[in-house]
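Colleague: I am new to this structure and would like a close look at a single part. Could you choose one, and place it in the rest of the chain as you go?

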Amino acid sequence: MLDEPILSVKRRAKYLLIELNQGWIIVHLGMSGSVRILPEEQPEEKHDHIDLVFRDGKVLRYTDPRRFGAWLWCEDLATSSVLAHLGPEPLSAQFNAQYLYQQSKNKKIAIKPWLMDNKLVVGVGNIYANEALFSSGIMPDRKASSLTEQECDVLVNAIKAVLTRSIEQGGTTLKDFLQSDGKPGYFAQELFVYGRKDKACLICGHTIESIKQGQRSTFFCRHCQHGEITD
């Protein structure tokens with residue numbers, strides 16, 4: 001498409017939404033993708049795949065070494081199959097205690113993998129689910145249906161607080177995550193349980209433990225959190 005102005009750039013969950021006159025470009029960065037503004041004359045490198053070329057001599061260059069990302073075209077976001085079943089944004093007013101409590105009813109799944117389901121709420125990944133449950137004093141293997149309305153209120157507030165702190169710190173860099181300016185995120189320095197197996201809890205001094213849930217590592221302190229784990 002030639003001479004198409006970019007009308008807006010938005011985000012929904014992990015999708016970058018670029019609005020044009022005729023529709024939307026939907027970008028998912030996958031596990032290793034990135035987009036950068038570069039001079040048009042800068043040579044392409046091995047893992048560079050797409051350039052959006054601007055009139056001012058700059059390009060928006062998409063790089064993806066592992067090729068798990070995607071660029072999709074959609075004329076109307078309301079008809080997009082990749083966006084249709086996403087839950088509310090975690091920092092929005094729609095994600096509140098009443099919503100979480102209603103969604104938890106009759107759910108037999110454990111709380112932590114339930115929180116990581118994008119159909120429930122987007123943006124609560126493994127790190128933040130671990131940290132929010134620790135902050136809430138809730139064991140990660142309790143059934144979602146066991147949550148009280150008061151616990152849902154505490155948990156929603158904890159999720160919002162953890163995500164807000166992470167954003168303020170530029171995200172969580174454990175391996176190769178970088179911010180748009182090339183700097184790492186510093187929230188990893190504030191983690192209370194994630195990645196701290198066999199280390200002392202920063203609150204009570206008891207040992208942080210770990211289990212596997214859905215092939216993902218879960219970290220907890222059985223002294224600060226309460227629930228199902230008894231062995």
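**A close look at one part**

Modeller: Of the 231 residues in the protein chain, 39% are buried. Buried stands for under 20% relative accessible area, exposed for over 50%, and partly exposed for what lies in between, taken with a 1.4 Å probe and protein chains only. This is a predicted model, in which local features need pLDDT of at least 70 and side-chain atom pairs count only at pLDDT 80 or more, while totals for chains, interfaces and linings use all residues. Residues are numbered from 1 along each chain as its sequence is written, and side-chain values use heavy atoms, with hydrogens and water left out.

The protein chain contains four helices and nine strands. These are DSSP runs numbered from the N terminus, with helices (H or I) of at least four residues and strands (E) of at least two. Along the sequence their pattern is β-β-β-β-β-β-β-α-α-α-α-β-β. Contacts (heavy atoms within 4.5 Å) also give a picture of the whole: among those in the protein chain between residues at least 6 apart in sequence, 52% join residues at least 24 apart. The accessible surface of the chain is about 13400 Å², and 50% of that belongs to carbon and sulfur atoms. That area comes from the Shrake-Rupley method with a 1.4 Å probe.

The part I chose is the hairpin that strand 5 and strand 6 form, with four residues between the two strands. G57, in the turn, has a positive phi of about 85°. Strand 5 covers residues 48-53, and strand 6 covers residues 58-63. The two run antiparallel and are joined by five bridges; strands count as paired if DSSP finds at least two bridges between them.

Within the hairpin, I50 is a residue of strand 5 and stands opposite Y62 in strand 6. I50 counts as partly exposed because its relative accessibility is 27%. Apart from neighbours within four places in sequence, I50 is in contact with L60, R61, Y62 and W71. The C-alpha atoms of I50 and T63 are 7.4 Å apart in space, and the two residues are 13 apart in sequence.

T63 leads on to S32, which sits in the loop between strand 3 and strand 4 (34-39). With neighbours within four places in sequence set aside, S32 is in contact with T63, D64, P65 and R66. Two of these can be followed atom by atom. The side chains of S32 and D64 make a polar contact at 3.0 Å, and a polar atom of the S32 side chain lies 3.2 Å from the backbone nitrogen of R66. A polar contact is a pair of N or O atoms within 3.5 Å; within protein, one must be able to donate a hydrogen and the other to accept it, and residues adjacent in sequence count only if both atoms are side-chain atoms. S32 has a relative accessible area of 18%, so the residue is buried.

Strand 3 belongs to an open sheet of four strands in the order 1-2-3-7, with antiparallel pairing. Strand 1 (8-12) and strand 7 (70-74) are at the edges with a single partner strand each, so one side of each has no neighbour in the sheet. Neighbouring strands of this sheet are turned against each other by 25° on average, direction ignored. The axes behind this angle are lines fitted to C-alpha atoms, and angles between N-to-C directions run from 0 to 180 degrees. Strand 3 (residues 23-28) and strand 7 are antiparallel and joined by five bridges. W24 stands opposite C74 in strand 7.

For the other end of the chain, UniProt lists "domain: FPG-type" at residues 192-226 in an unreviewed entry; such annotations may be inferred rather than shown by experiment. Residues 192-226 are 0% helix and 29% strand, with end C-alpha atoms 16 Å apart.

D198 lies in the loop between helix 4 (149-168) and strand 8 (209-213). D198 is not a glycine, yet its phi is positive at about 70°. Q215, in the loop between strand 8 and strand 9, has a positive phi near 70° and is also a residue other than glycine. D198 is exposed because its relative accessible area is 59%, and Q215 counts as exposed because its relative accessibility is 73%.

T218, in strand 9 (residues 216-220), counts as buried because its relative accessibility is 0%. Residues up to four places away in sequence aside, T218 touches K112, N130, P140, E209, S210, I211 and Q213.
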